[in-house]
Amino acid sequence: MPDSCYTSNLDWKDTEGYLNQLSSRSRRHFRKDIQPFEQFFDVYVHQTLAHKKIDIFYQLYLNVNKNNIALNMFPFPKSLFQGMADHPKWEFLTLYLNQVVDSNDLPTPVGVMFCYKNLKETYTPAFIGIDYRYTEKYHIYRQLLYQTIKRANQLNFNRIDFGMTAAFEKRKVGATVIHKKAYIQARDNYSMELMGVMESN
């Protein structure tokens with residue numbers, strides 16, 4: 001079962017304060033793989049979404065769903081994301097390539113975090129969407145993690161629940177890893193034993 005991650009040290013006022021609570025290795029990672037790329041993005045937080053924007057963000061979500069074999073889950077329906085857009089506790093933290101790298105008249109969304117605000121206690125980036133055409137060059141996933149931390153700090157939350165998978169990347173931005181195990185109890189051991197025999201052959 002994938003590990004889950006969270007961070008609870010959000011008591012800082014600026015970038016230096018954030019860096020001071022990281023390990024030396026994480027600080028090096030930040031200065032190499034996150035800070036230099038922040039200049040290429042405009043960051044917007046959408047509280048509501050038009051239908052066209054939902055279509056775009058949903059496609060970004062599907063990109064990740066198809067690539068994230070660690071969870072291997074079926075894709076959620078678009079209606080779920082419409083429900084998020086209609087609910088005041090959800091917001092959409094979005095990365096747009098700015099004019100430095102994108103000369104289009106309309107900004108291009110290349111990453112989005114679908115975030116739930118839980119009673120001023122826990123900020124939960126529940127789902128993520130990425131345009132993989134740009135992620136290797138601009139480190140979009142890492143930038144989304146960092147911008148999520150900045151947003152939670154800005155809103156004075158006490159904790160971020162980063163959820164499962166990509167524990168290594170999340171640990172580098174200051175998250176604590178919680179190891180997870182799952183147990184099941186079968187009513188009929190025959191099917192379980194049969195699968196074991198098939199696996200060993």
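**Pocket**

I began with the second largest pocket, where helix 3 (residues 51–67) gives the most to the lining, with four residues. The model is a predicted one. I noted a volume of about 280 Å³ for this second largest pocket. Its lining counts 14 residues, and the closest to the centre are K52, K53, I56, P107 and P109. I then sorted the lining of the second largest pocket by class: eight residues are nonpolar, two polar and four charged.

**Whole chain**

I stepped back to the chain. I count eight helices and seven strands in it. Its length is 201 residues, and buried residues make up 43% of them. I also looked at how far apart in sequence the contacts reach. Taking contacts between residues at least 6 apart in sequence, I find that 70% join residues at least 24 apart.

**Strands 4 and 5**

Next I looked up strand 4 (residues 108–118) and its partner. Strand 4 pairs with strand 5 in the antiparallel sense, over eight bridges. At one place along the pair, I see N118 opposite T122 of strand 5. The hairpin of strand 4 and strand 5 has three residues between the strands. L119 in this hairpin takes a positive phi, near 55°.

I checked how covered strand 5 (residues 122–130) is. Eight of its nine residues are buried, so I call strand 5 mostly covered.

**G129**

Is G129 buried or exposed? G129 sits in strand 5. Its relative accessibility is 0%, and because buried means under 20%, G129 counts as buried. I listed its contacts, leaving aside neighbours within four places in sequence. They are L60, Y61, V64, V110, G111, V112, F114 and L144. I also took one distance from G129: the C-alpha atom of Y141 is 9.1 Å away, with the two positions 12 residues apart along the chain as a sequence separation.

**Cores**

Which residues have the most contacts inside the largest nonpolar core? I find Y18, F41, Y123, I140, L144 and I149, in a core of 34 residues. Several elements give two or more residues to this core: helix 1 (15–20), helix 2 (24–34), strand 3 (90–97), strand 4, strand 5, helix 6 and strand 6 (159–164). Helix 6 gives the most, with seven residues. Another core lies apart from this one; it has 16 residues, among them I54, L60, Y61 and Y96. I add a general remark: in soluble globular proteins, nonpolar side chains tend to be buried together.

L60 and Y61, which belong to the other core, also appear among the contacts of G129. L144, listed for the largest core, is in contact with G129 as well.

**Q147**

I then went to helix 6 (residues 140–154), which holds Q147. Q147 has a relative accessible area of 6%, so Q147 is buried. What does Q147 touch, not counting residues up to four places away in sequence? I find E38, V43, L93 and L95.

**T176**

My last stop was strand 7 (residues 176–178), where T176 is found. T176 has 39% relative accessibility and therefore counts as partly exposed. I looked for a partner far off in sequence and took T7. T176 and T7 are 169 residues apart in sequence, yet 5.9 Å apart in space, C-alpha to C-alpha.

Conventions. Residues are numbered from 1 along each chain as its sequence is written. This is a predicted model: local features need pLDDT of at least 70, side-chain atom pairs count only at pLDDT 80 or more; totals for chains, interfaces and linings use all residues. Side-chain values use heavy atoms; hydrogens and water are left out. Buried means under 20% relative accessible area, exposed over 50%, partly exposed in between (1.4 Å probe, protein chains only). Contact means heavy atoms within 4.5 Å. On a 1 Å grid over the protein atoms alone, a cavity is a set of points where a 1.4 Å probe fits but cannot get out, and a pocket is an open set with protein on both sides within 12 Å along at least five of seven lines; lining residues have an atom within 4 Å of a point. Grid points are joined across faces, edges and corners, and a volume is the space filled by probe spheres set on the points. Ala, Val, Leu, Ile, Met, Phe, Trp, Tyr, Cys and Pro count as nonpolar, Asp, Glu, Lys and Arg as charged, and the others, Gly among them, as polar. Two strands pair if DSSP finds at least two bridges between them. A nonpolar core is a set of buried Ala, Val, Leu, Ile, Met, Phe, Trp, Tyr and Cys residues joined through side-chain atoms within 4.5 Å.
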